[in-house]
Amino acid sequence: YRDDDDINDVASMAGVNLNEESARIMATNSDLVGTQIQSCKDEPFLAAIPLHKRVLEMAKKLGITDVPAEVVTFISHATQNRLRTVIEKVTVITQHRMESYKDDEWYEQATDVRSQLKFFEQLERLEKQRKDEQEREILLKAAKSRSRQEDPEQARLKQKAKEMQQQELAQMRQRDANLTALAAIGPRKKRKLDSPGLLTIGGEGLGMSGGSQAGLGTPSSRQYARQKITRVNLRDFIFYMEQERETSHSLLLYRALLK
């Protein structure tokens with residue numbers, strides 16, 4: 001009597017013993033059992049010889065005299081993985097810092113520090129101009145006065161007024177000379193890059209004439225976008241070290257804050 005499994009077992013019906021075949025395979029490839037086969041060479045991230053020397057120096061302090069090469073390779077790969085993680089996190093921080101929310105409909109501007117600074121600069125400029133006008137009036141009055149008494153302060157003011165008038169006269173002459181030179185040169189010629197017959201692609205101008213203008217001058221012309229560069233600065237690294245538990249109270253963070 002045979003069960004259904006025996007009837008449906010094609011291997012046994014063909015006279016093949018699976019147990020014997022498995023034993024032969026294990027005996028043939030016994031040297032490959034438990035090993036890992038890689039298609040590429042395992043190259044360490046750090047230089048193996050200097051790293052091995054450094055690890056040996058640290059191990060001798062702890063009473064260890066021999067460090068296998070596999071340990072050095074493992075440390076090298078761990079360093080590479082750690083550096084990759086740090087770079088990825090700092091890159092995300094930098095991208096968040098560079099994001100602009102001016103065109104986002106969910107955000108509205110509450111304060112404009114740049115406009116406030118411009119307003120204060122304009123106030124300072126007007127105040128300085130008012131003081132200069134007052135000083136100029138005082139100097140002009142001192143220059144027009146014809147007192148017979150020899151006052152040293154009055155003489156100093158007259159001398160300063162004379163110097164101011166000479167400086168204003170020199171500025172007027174320089175301005176007239178500049179206007180005369182510009183009139184002699186003539187109107188500025190328009191550059192070729194600004195002409196409507198040129199198409200700018202990737203920051204370079206391409207000339208067009210005749211039939212090529214109809215093909216390249218269309219709005220659907222292909223333009224190559226410039227590759228965006230992410231620039232990481234020291235502030236991003238400091239922010240990263242403040243967020244990490246391992247470096248939030250480290251000496252490296254305090255040294256970076258002191259720079």
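**View 1. T91 in helix α5.** In this predicted model, T91 sits in helix α5. Is T91 buried, partly exposed or exposed? T91 counts as partly exposed because its relative accessibility is 24%, and the buried class takes in values under 20%. If you look for T230 as well, you will find its C-alpha 7.4 Å from that of T91, although 139 residues separate the two in sequence.

**View 2. The largest nonpolar core.** Here you can pick out the 8 residues of the largest nonpolar core: V86, V90, I93, I238, Y240, M241, L253 and A256. Which helices each supply at least two residues of this core? They are α5 (69–98), α9 (234–243) and α10 (251–258). Keep an eye on A256, which touches L234, I238 and M241, leaving aside residues up to four places away in sequence.

**View 3. S248 between two helices.** S248 belongs to the loop between α9 and α10. What does the side chain of S248 reach at 3.4 Å? Its partner is the backbone oxygen of R245. Beyond residues up to four places away in sequence, S248 also touches M241, E242 and L253. Two of these names, M241 and L253, may be familiar from the core in View 2.

**View 4. E244 and its partner K89.** The loop between α9 and α10 is also the place of E244. E244 counts as buried because its relative accessible area is 15%, and the cut-off is under 20%. Follow the side chain of E244 and you will meet the side chain of K89, with which it makes a polar contact at 3.1 Å.

**View 5. A nonpolar patch on the surface.** Which residues form this patch? They are F119, F120, L123 and L126, and together they have about 400 Å² of accessible area. F120 is found in helix α6, which covers residues 113–144. With a relative accessibility of 47%, F120 counts as partly exposed, since exposed means over 50%.

**View 6. The whole chain, for orientation.** To place the close-ups, step back to the protein chain with its 10 helices and 2 strands. Read along the sequence, the pattern is α-α-α-α-α-α-α-β-β-α-α-α. Of the 259 residues in the chain, 11% are buried. Among contacts with a separation of 6 or more, 42% come from residues 24 or more positions apart. The accessible surface comes to about 23,800 Å², and carbon and sulfur atoms account for 54% of it.

Terms used
Residues are numbered from 1 along each chain as its sequence is written. This is a predicted model: local features need pLDDT of at least 70, side-chain atom pairs count only at pLDDT 80 or more; totals for chains, interfaces and linings use all residues. Side-chain values use heavy atoms; hydrogens and water are left out. A nonpolar core is a set of buried Ala, Val, Leu, Ile, Met, Phe, Trp, Tyr and Cys residues joined through side-chain atoms within 4.5 Å. Buried means under 20% relative accessible area, exposed over 50%, partly exposed in between (1.4 Å probe, protein chains only). Helices (H or I, at least four residues) and strands (E, at least two) are DSSP runs, numbered from the N terminus. Contact means heavy atoms within 4.5 Å. Patches are made of residues with over 30% relative accessible area and no salt bridge: like charges are joined within 9 Å, nonpolar side chains (Val, Leu, Ile, Met, Phe, Trp, Tyr) within 5 Å. Accessible areas come from the Shrake-Rupley method with a 1.4 Å probe; for residues, only the protein chains shown count as cover. A salt bridge is a side-chain nitrogen of Lys or Arg within 4 Å of a carboxyl oxygen of Asp or Glu. A polar contact is a pair of N or O atoms within 3.5 Å; within protein, one must be able to donate a hydrogen and the other to accept it, and residues adjacent in sequence count only if both atoms are side-chain atoms.
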